[in-house]
Amino acid sequence: MHHISPPYPLPQPFEHNELERLRAQHLAVKLHIGGLLPPSASIQSILEHAKDAGRKLRVLELGSGSGVWAKELSTELGEAVEVVGIDKALSPSGDSPANCSFVQHDINHGLPFANDYFDIVHDSFTIWAVEEFHILVDDIRRVLRPGGIFISIDVVLEVLLEEGKEARGIAPGSVRFLEMLKAGALASGVTLNRFTGMSTLVRDYLALDDFLWSPPEVLNEPIPCSPWSSDPKMKEIGSFWFKNASALPLAFKEGVLRSGISEEEYSEASDAWLRELSDVENIHLMHPFACVISSKRSHQLASPLP
Ligand SMILES: C[S@@+](CC[C@H](N)C(=O)[O-])C[C@H]1O[C@@H](n2cnc3c(N)ncnc32)[C@H](O)[C@@H]1O
């Protein structure tokens with residue numbers, strides 16, 4: 001397995017198993033938030049604004065991975081949009097719509113785009129892996145047009161149960177397994193608070209300065225990890241997420257073993273995680289989920305004092 005240099009602890013997004021895992025995660029999130037873009041009035045208004053002005057909406061996807069989101073958005077919105085995906089890994093193979101392109105670049109080195117260029121910058125499950133997330137968020141602001149929107153989506157790799165039941169008592173294997181993933185991320189150089197709460201960090205950073213960013217809107221319904229729900233939509237989301245969750249033991253294995261946990265311990269914890277995920281009659285696992293949305297205020301940053 002080829003790994004992107006630390007701090008990224010997962011396999012390359014185009015490796016077969018990782019590609020399948022990311023695809024399942026994408027389908028779960030799309031259903032969970034009700035489309036490729038979240039149902040936010042500010043996004044609707046920017047779409048309409050670009051349409052009225054007769055210009056293409058420019059969208060940047062950070063960490064575009066398999067390219068599935070970028071390709072789908074460019075197909076869904078057609079002529080009205082131009083989508084660029086950026087990723088450190090090789091660009092996706094196969095055909096892309098004419099209005100969709102990919103750039104191979106390490107976003108730790110800044111975004112290689114002009115000021116005030118994009119209408120939307122979209123991040124799903126990527127910012128946790130960068131070295132200095134606030135430097136990246138400042139650069140996202142630079143490449144956004146005034147009024148342009150930043151969307152950041154992530155889960156917390158912890159388990160919740162319904163009605164606030166205590167997870168450690170009911171799903172001890174899952175709690176143990178996710179603790180091992182954190183150890184793996186730490187051993188790969190990702191700090192724990194980023195791994196366990198990136199959306200909160202992004203939200204708080206955006207909220208710090210309401211001169212620069214509008215107050216962040218947060219959609220935060222927990223996402224089901226397996227198809228336990230009697231509600232058909234929740235059950236379908238759970239089925240997609242289950243495919244993703246079942247692939248985590250392999251995806252994180254190298255990182256976790258690097259942290260000093262033995263192969264045997266990891267294999268036991270992985271089996272317990274898979275067992276508890278599959279016990280849909282008795283164990284209703286969910287992850288905290290957040291989609292953070294904020295727009296760039298029109299003001300310019302003050303020039304440095306002479
Ligand atoms: C967990 S995947 C998420 C992929 C995609 N956004 C999705 O939701 O399916 C994170 C992606 O970020 C990319 N990535 C990680 N560190 C990066 C960096 N420093 N610069 C650019 N891309 C990076 C990885 O290659 C991977 O494709």
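# Exercises: the cavity, the ligand and a pocket

**Exercise 1.** In the second largest pocket, which element gives the largest share of the lining?

*Solution.* Look at β5: with 5 residues, this strand makes the largest contribution to the lining of the second largest pocket. Keep in mind that you're working with a predicted model. Next, ask which elements give two or more residues here; they are α2 (41-52) and β5. Now go through the lining itself: among its residues are Ser42, His49, Arg55, Asp119, Arg145 and Ser295. Sorted by class, the lining comes out as 3 nonpolar, 6 polar and 3 charged residues. To finish, the volume of this pocket is about 180 Å³.

**Exercise 2.** Find out how many cavities of 30 Å³ or more the structure holds, and describe the largest cavity.

*Solution.* Start with the count: there's 1 cavity of 30 Å³ or more. The largest cavity holds about 770 Å³ of space. Its lining has 47 residues, and Tyr8, Ser124, Phe125, Thr126 and Trp128 are the ones closest to the centre. Then turn to the elements. Those giving two or more residues to this lining include α3 (68-77), β2 (81-87), β4 (118-124) and α8 (232-258). The largest share belongs to α1, with 7 residues. Last, split the lining of the largest cavity by class, and you get 25 nonpolar, 14 polar and 8 charged residues.

**Exercise 3.** Where does the ligand sit, and which residues come nearest to the ligand?

*Solution.* First, place the ligand: the space it takes is the largest cavity, the one with about 770 Å³ of space. Second, pick out the neighbours. There are 17 residues around the ligand, and Gly63, Asp87, Asp106, Ile107 and Ser124 come nearest. Ser124 turns up here, and it's also on the list of residues closest to the centre of the largest cavity. Third, sort the shell around the ligand: 7 residues are nonpolar, 6 polar and 4 charged.

**Exercise 4.** Track down polar contacts to nitrogen atoms of the ligand, taking N or O pairs within 3.5 Å.

*Solution.* Step one is the backbone. Gly63 has a backbone N or O atom 2.7 Å from a ligand nitrogen, and for a backbone N or O atom of Lys88 the distance to a ligand nitrogen is 3.0 Å. Step two is a side chain: an N or O atom in the side chain of Asn108 lies 3.3 Å from a nitrogen atom of the ligand. Step three is to check how covered the ligand is. On its own, it has 590 Å² of accessible area, and the protein covers 97% of that.

Definitions and conventions
Residues are numbered from 1 along each chain as its sequence is written. This is a predicted model: local features need pLDDT of at least 70, side-chain atom pairs count only at pLDDT 80 or more; totals for chains, interfaces and linings use all residues. Side-chain values use heavy atoms; hydrogens and water are left out. A residue is near a molecule or strand if one of its heavy atoms lies within 4 Å of it. A polar contact is a pair of N or O atoms within 3.5 Å; within protein, one must be able to donate a hydrogen and the other to accept it, and residues adjacent in sequence count only if both atoms are side-chain atoms. Accessible areas come from the Shrake-Rupley method with a 1.4 Å probe; for residues, only the protein chains shown count as cover. On a 1 Å grid over the protein atoms alone, a cavity is a set of points where a 1.4 Å probe fits but cannot get out, and a pocket is an open set with protein on both sides within 12 Å along at least five of seven lines; lining residues have an atom within 4 Å of a point. A molecule sits in a cavity or pocket if more than half of its atoms lie within 2 Å of its grid points. Ala, Val, Leu, Ile, Met, Phe, Trp, Tyr, Cys and Pro count as nonpolar, Asp, Glu, Lys and Arg as charged, and the others, Gly among them, as polar. Grid points are joined across faces, edges and corners, and a volume is the space filled by probe spheres set on the points. Helices (H or I, at least four residues) and strands (E, at least two) are DSSP runs, numbered from the N terminus.
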